[in-house]
Every structure is written in structure tokens, then in C-alpha cells.
Amino acid sequence: MSGSQFLHALGRTLGLGRKQLKVDSRHVVIITGCDSGLGHSMAVYCHDSLHMTVVSCCHNLKSDGAKLLQALNSSEDGLSRMHTLELDLLEPDSIRHVHCQLRDILTKDQRYRLTALINNAGVMCFGEFEWQLPEQIETQINCNLLGTMRLTRELLPLLRQQQGRIINVTSHCGLQALPALGPYAASKAALRFWTDALRVELQQYGMEVVNFIPGSFVLDSNIAARQQQHAEKMRKAFNQEQHALYDTYFEAFNGYLKVLSGFKPPNRLKNDSLLAKFNDALTSSQPLALYIEEPRRYRFYRWLFSICPTPLVDWLTLRFCAMPTYESTNRQKKI
């Protein structure tokens with residue numbers, strides 16, 4: 001590292017020269033996973049509060065969330081500030097098509113600047129690793145990690161040319177893996193470390209890369225909406241020995257998770273602290289490398305995880321999850 005690079009890094013560490021950048025309709029942000037939950041709220045916030053031009057990517061243009069975003073077709077000088085595109089991160093052709101559509105949008109006004117790519121889309125499947133089918137495991141890795149990488153690589157020349165930033169939405173599961181979420185945690189941990197590598201690589205081109213970890217919004221999104229369908233596929237794949245061992249536990253486990261199943265109407269998150277951190281990640285001239293939004297319970301457990309030996313961390317993890325386990329179900333059965 002040269003002397004100037006060291007001084008630059010030191011200045012960033014001390015927050016010297018840090019300021020909020022002004023954004024408006026000339027600044028274009030592309031966000032994935034906008035059908036519901038955090039992605040939907042980010043799209044609405046960028047459009048309504050920051051008055052940016054938003055390219056909101058939804059998995060299904062007929063979803064309630066996509067329709068609500070399409071209704072936000074306010075325009076300035078005849079140019080819409082909300083563009084809703086269909087994106088399937090599992091399909092390379094879909095990624096290439098979104099790239100072409102984004103280029104078309106950017107050519108509509110020479111003042112447009114691609115300010116940020118926000119990788120938010122993700123899928124989640126609960127179940128012990130032995131239960132999860134290969135296609136369920138692969139879908140989580142392919143969407144949460146590889147699909148995000150493919151989209152970023154496709155858009156990177158555009159972002160680099162305009163010094164746009166990349167904000168990757170990861171998860172607390174990327175900091176501390178949780179039981180019954182092994183493949184999901186693996187995808188988010190990989191996403192976290194890829195984000196760190198990308199940040200160092202792209203600094204030399206004047207680009208910022210941010211790791212954004214929101215609190216638990218699983219109840220406010222559709223990330224686990226298909227949990228019961230996933231569970232039914234797992235159960236059907238059990239062999240005789242697995243049925244005998246797991247059925248009672250499996251029923252209690254998925255009964256506990258029924259609250260997550262079913263598609264929920266999109267709603268705007270009313271979390272001022274989260275939106276303030278998102279605003280800073282998006283508009284600060286020197287964003288932090290990592291933003292974490294979490295309730296006190298998460299923060300307390302995360303601190304305990306960092307100081308306790310592994311056996312205690314394992315016990316605390318089970319307490320944190322507070323989900324049925326094989327042991328607890330068997331004890332209940334004996335009573």
C-alpha cells in the first residue's frame with residue numbers, strides 16, 4: 001500500500017470528509033426482490049422519499065407488490081421514475097434481458113447516472129440438512145449467491161463507468177449460522193465474504209461496496225412463503241427409517257413454522273432506524289463497509305456468540321432460535 005493509499009484509508013477510518021450526497025430523479029437505483037418485504041420498502045423509499053429514479057426488479061410482474069410499484073408511475077419531464085422489471089436470478093437470459101432494459105432506461109436521459117445496485121433478492125427454506133432436497137439446497141445457493149454474482153457481473157461495467165455503488169443485503173445468518181437454515185446461512189456467509197473481497201477490488205475504481213444486514217423481517221416478507229410446500233416435498237422423500245425417526249418431530253417443527261407460510265400483501269416497513277442506515281449506505285460519500293440493523297435481543301446474543309466458547313454458543317443458538325428440536329419433541333411425547 002502506498003503512502004497516499006494509507007492516508008486515504010486512515011481518513012475514511014476517522015470519517016474525514018464524510019458527507020451526504022444529494023440525490024434526485026437523475027440518480028438511478030436498481031433493486032432486486034421488490035415483490036415484498038425489504039426490497040419493496042426500499043423501492044418505495046427511494047421513489048417517494050429520495051425522489052430517485054427506481055428500477056424495481058420483481059420475480060413476478062403480476063404480484064401485488066409489482067402492481068403497487070407499477071402504480072407509482074409519477075414522471076418528471078415526461079420520464080417515469082418507477083420502472084418495474086421482471087427478473088429471475090436463476091435464469092441467465094432473464095439477467096441479460098434486465099441488463100438490456102436498464103441500458104434502454106439510462107439512454108432516455110443523458111443526465112441519468114446509475115447510482116447503485118442493491119442486491120436484495122433471496123429465498124429461504126427451513127429444514128434440517130438431511131431433510132432438504134438437493135433442488136431446495138441448490139435453489140438457495142443459486143439465487144442468494146450465484147444469481148447475485150451473475151447479475152452483479154453483468155452490470156459491473158455500467159456501474160464502474162458511472163462509479164455506482166453496490167449494496168449487498170446479507171443476513172445475521174451470515175454472522176452466526178442457525179440450525180435448520182444451513183444452506184441459507186452458507187449462501188449468506190459466502191455473500192458476506194464475496195462482498196468484502198469486492199469492496200477491496202473496486203475501491204481502486206472509485207466504487208463503494210456495502211454489506212447491509214437488516215434485522216429479522218421474515219414475517220414481513222414472502223421469503224419463506226412456500227415453507228409448507230417445501231416441507232411436504234421433504235416428507236414425501238423420507239424413507240421408512242426416516243419416517244420412523246423424524247415424523248413426530250417433523251410435524252412439530254413445521255407446525256411451528258406455519259405462521260411463515262402463505263403470501264402476504266406487501267407493506268412498507270415502519271422502521272426509521274433501518275431506513276436511516278439504508279439512506280446512509282446509499283447516499284454517504286464514504287459509506288460504512290457494514291451496516292447492521294437489529295433489535296436488542298439480536299445484539300445481545302451476537303455479543304454472547306462473540307465471547308463464549310463453542311459449546312456455550314451451540315446452546316445459546318438453540319435458545320435464540322426457540323424452535324422445536326428432536327430432543328424437546330421426544331420429551332413431550334414421553335410425557
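1. Is Leu102 buried or exposed in this model, which is a predicted one? Leu102 is buried, with a relative accessible area of 0%, and its place is in helix α4, which covers residues 92–106. Leu114 stands twelve residues from Leu102 in sequence, and the C-alpha atoms of the two leucines are 9.3 Å apart in space.

2. The helix that holds Leu102, α4, also packs beside α5, and the axes of these two helices come within 10 Å and cross at roughly 30°. That angle makes α4 roughly parallel to α5, because angles under 35 degrees are counted in that class. The crossing in which α4 passes α5 is right-handed.

3. A second pairing involves α5, residues 134–161, and α6, residues 182–203, whose axes come within 8 Å and cross at roughly 20°. Here too the angle makes the pair, α5 and α6, roughly parallel, and the crossing of α5 and α6 is right-handed.

4. As for α5 taken by itself, this helix has 28 residues and reaches 39 Å from its first C-alpha to its last, which is close to the 40 Å expected at 1.5 Å a residue. A reader who inspects the axis of α5 should nevertheless note a bend of about 50° at Leu155, with a proline, Pro157, following within four residues. Just after the end of α5, Gln163 takes a positive phi of about 50°.

5. Helix α8 comprises the 17 residues 240–256, which at 1.5 Å a residue should span 24 Å, and the distance of 24 Å between its end C-alpha atoms agrees with that expectation. A bend is nonetheless assigned within α8, by about 60° at Tyr246, and Tyr246 is also one of the buried residues of the helix. The others in the buried set of α8 are Gln242, Tyr249, Phe250, Phe253 and Asn254.

6. What caps the N-terminal end of α8? The cap is Asn239, a side-chain oxygen of which lies 3.1 Å from the backbone nitrogen of Glu241.

7. Two loop residues on either side of α3 may be set next to each other, beginning with Ser63, which is placed in the loop between β2 (53–58) and α3 (64–70). Ser63 has a relative accessible area of 15% and is therefore buried, the cut-off for that class being under 20%. A polar atom of the Ser63 side chain lies 2.9 Å from the backbone oxygen of Asn60.

8. The other loop residue is Leu72, found in the loop between α3 and β3 (75–76). With a relative accessible area of 23%, Leu72 is partly exposed. Between Leu72 and Gly215 the separation is 143 residues in sequence and 27 Å in space, taken from C-alpha to C-alpha.

9. Where does Val313 lie? Val313 belongs to helix α11, which runs over residues 310–321, and at 9% relative accessibility this valine counts as buried. Its partner in a further C-alpha comparison is Tyr301, which is twelve residues from Val313 in sequence and 9.3 Å from it in space.

Key: Residues are numbered from 1 along each chain as its sequence is written. This is a predicted model: local features need pLDDT of at least 70, side-chain atom pairs count only at pLDDT 80 or more; totals for chains, interfaces and linings use all residues. Side-chain values use heavy atoms; hydrogens and water are left out. The expected span of a helix is 1.5 Å times one less than its number of residues. The bend at a residue is the angle between axes fitted to the seven residues ending there and the seven starting there. Buried means under 20% relative accessible area, exposed over 50%, partly exposed in between (1.4 Å probe, protein chains only). A polar contact is a pair of N or O atoms within 3.5 Å; within protein, one must be able to donate a hydrogen and the other to accept it, and residues adjacent in sequence count only if both atoms are side-chain atoms. Axes are lines fitted to C-alpha atoms, for helices over the stretch in contact, and angles run from 0 to 180 degrees between N-to-C directions. Angles under 35 degrees count as roughly parallel, over 145 as roughly antiparallel, 65 to 115 as roughly perpendicular and the rest as oblique. A crossing is left-handed if the near helix is turned anticlockwise from the far one by less than a right angle, and right-handed if clockwise.
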